[in-house]
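Me: I'd love a close look at one part of this model, with the reasoning spelled out. Here is what I have in front of me.

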Amino acid sequence: SGNDYVCSINEFEGESRVSLVIRESEKSRFMSERDIYLIASVVKKDKFETIAEKATELGVTHIMPLISERSEKKA
């Protein structure tokens, strides 16, 4: 969402459930003011998921799949 939050743990039930209370919220200083597009050729599903995950971690805002001559799936 482009925001950073400072939270406190409200409730902790082992590894399965944690409840937080938002203490502060501010606009993230680390979000790019520009949209970043990644156009990636379609590959096997698990590989494309990895590409999308890493691209998102690096700040890519739009991912556009491209079907090319050597794409894994043409349908």
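Which strands each supply at least two residues of the nonpolar patch?

Reply: Happy to walk through that with you. Keep in mind that this is a predicted model. The strands you are after are S1, covering residues 3-13, and S2, covering 17-27; each supplies at least two residues of the nonpolar patch. The patch itself is made by Ile 9, Phe 12, Val 18 and Leu 20, and its surface comes to about 430 Å². Leu 20, for one, sits in strand S2.

Charged side chains are worth a look alongside the patch. Glu 13 and Arg 17 join their side chains in a salt bridge, with 3.9 Å from N to O. That counts because the cut-off for such a nitrogen-oxygen pair is 4 Å. Both partners are partly exposed: Glu 13 has a relative accessible area of 40%, and Arg 17 has one of 45%. A residue in a salt bridge is left out of patches, so the pair is not part of any patch.

Searching the whole structure gives two salt bridges. Besides the pair just described, Glu 57 and Lys 54 meet through their side chains at 3.7 Å, N to O. These two lie three residues apart in helix H1 (residues 45-57), which means about one helical turn separates them. Glu 57 counts as exposed at 54% relative accessibility, while Lys 54 is partly exposed at 42%. As background, side chains of opposite charge can pair when their charged atoms come close.

Technical notes. Residues numbered from 1 in each chain as written. Predicted model: local features only at pLDDT ≥ 70, side-chain atom pairs only at ≥ 80, totals over all residues. Heavy atoms only, no water. Patch = residues over 30% accessible without salt bridge, like charges linked within 9 Å, V, L, I, M, F, W, Y side chains within 5 Å. Areas by Shrake-Rupley, 256 points an atom, 1.4 Å probe, with all protein chains shown as cover. Helix = DSSP H or I, 4+ residues; strand = E, 2+ residues; numbered from the N terminus. Buried < 20%, exposed > 50% of the residue type's maximum accessible area, 1.4 Å probe, protein only.
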